[in-house]
Amino acid sequence: MIVIKKKIAYTALTIAGILALVGSGWYFTFALSPYQVSQEQLDTYYSYQIQKVLNWQQTALDERNYEFTYRSFDGEVVNGRIRYPRPMAEIAQPIPVMIGVHGMGRSQIRWFQDSFKGRPTVESVDKLAEQALVHDYAVISIDARNHGQRKVSGYTIADVMGDLHYWGKRAPYETMIRDTVRDHRVLLDWLVQQPQFDSAKIDVAGYSMGAQVSLLLAGVDSRISDVVAIVPPHSDNRTALVSPSNFLAGLSDNKVWLVTGNEDEYASMQQNESLFNEFPTDNKMHLRFDSGHILPAHYVTQLAAWF
């Protein structure tokens with residue numbers, strides 16, 4: 001009996017050792033390695049050709065809400081929604097705009113509804129949109145690449161992230177983030193031409209992946225005024241082309257607020273503090289909450305002064 005137990009224990013240790021070797025072999029073969037990018041590379045990566053015909057199509061849901069589609073720089077159809085603080089007929093002077101950028105696995109509709117398909121908007125971004133409307137902002141949001149109505153059949157977000165984390169394939173992830181930023185730049189091309197909007201006051205707010213996109217957008221496009229980045233996931237030079245740390249120089253003339261959770265699963269307190277300290281502007285604020293990645297709903301009330 002003792003011999004059998006020893007054999008079982010030995011076999012278990014052998015299997016554990018094999019698994020450890022396989023794991024370490026996988027890590028050294030597929031794990032992402034940091035790399036460096038130049039400013040010229042970043043500028044080229046986020047550049048796009050301006051479309052002469054956006055083919056903007058808009059449908060009124062009521063006198064304040066509109067659904068729209070347009071064609072982006074590569075011909076992709078982008079969908080989204082605009083909500084005005086009051087009926088358009090009552091807007092006599094140009095009003096500011098808040099672009100809301102949703103998190104991974106979510107969609108633009110979260111900025112306008114407290115639930116979707118029976119699932120609550122736990123990020124409370126709908127409440128942030130309501131606050132923007134109270135401050136006389138128009139709120140606009142689009143679906144990111146491979147999200148919402150733009151999901152790619154046969155290659156889901158889970159596939160994108162699996163390829164990134166398990167097989168070291170960064171291109172699908174970096175391309176998704178980069179092209180979402182460029183979709184927003186095309187949206188800006190339209191926004192600044194509309195007389196109802198104040199082109200000098202276009203702000204951006206984003207939650208999680210949306211916070212990452214917001215920082216990148218403001219970093220590459222001077223048409224963005226203020227930024228609030230809510231619980232951005234930590235990103236470094238393992239995905240350098242979409243890491244906000246490589247775009248901070250473009251935030252020197254922006255007001256930037258960072259909102260973080262002290263127990264966030266995707267960014268530590270130290271990482272968040274380091275990101276905030278790197279913002280090259282004196283016009284910045286760091287709000288911290290004792291929470292994980294999902295912040296307490298009352299965080300929205302503390303953003304009133306951002307508007």
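User: Before we look at Arg 145, what counts as a helix or a strand here?

Analyst: Helices and strands are DSSP runs, numbered from the N terminus. A helix needs at least four residues of H or I, and for a strand it's E, at least two.

User: Okay, so where does Arg 145 lie?

Analyst: Keep in mind that this is a predicted model. Strand β7 covers 138-142 and helix α4 covers 157-167. Arg 145 sits in the loop between β7 and α4.

User: Is Arg 145 buried or exposed?

Analyst: Its relative accessibility is 10%. Buried means under 20%, so Arg 145 counts as buried.

User: Which side chain does Arg 145 join in a polar contact of 3.0 Å?

Analyst: Arg 145 touches several residues more than four places away in sequence, among them Ser 72, Phe 73 and Asp 74. The polar contact of 3.0 Å runs from side chain to side chain, and the partner of Arg 145 is Asp 74.

User: Now helix α7: within what arc do its buried residues fall?

Analyst: The buried residues of α7 (269-278) are Asn 272, Leu 275 and Phe 276. They line one face of the helix, because seen down the axis they fall within an arc of 100°.

User: And which exposed residues are on the face turned away from the buried side of α7?

Analyst: The buried residues have cover that includes α6, β10 and β11. The face of α7 turned away from that buried side carries Gln 270 and Asn 277.

User: Last one: is Pro 34 buried or exposed?

Analyst: Pro 34 is in the loop between α1 and α2. Exposed means over 50% relative accessible area. Pro 34 has 59%, so it counts as exposed.

Terms used. Residues are numbered from 1 along each chain as its sequence is written. This is a predicted model: local features need pLDDT of at least 70, side-chain atom pairs count only at pLDDT 80 or more; totals for chains, interfaces and linings use all residues. Side-chain values use heavy atoms; hydrogens and water are left out. Buried means under 20% relative accessible area, exposed over 50%, partly exposed in between (1.4 Å probe, protein chains only). A polar contact is a pair of N or O atoms within 3.5 Å; within protein, one must be able to donate a hydrogen and the other to accept it, and residues adjacent in sequence count only if both atoms are side-chain atoms. Contact means heavy atoms within 4.5 Å. The arc is that of the directions from the helix axis to the C-beta atoms.
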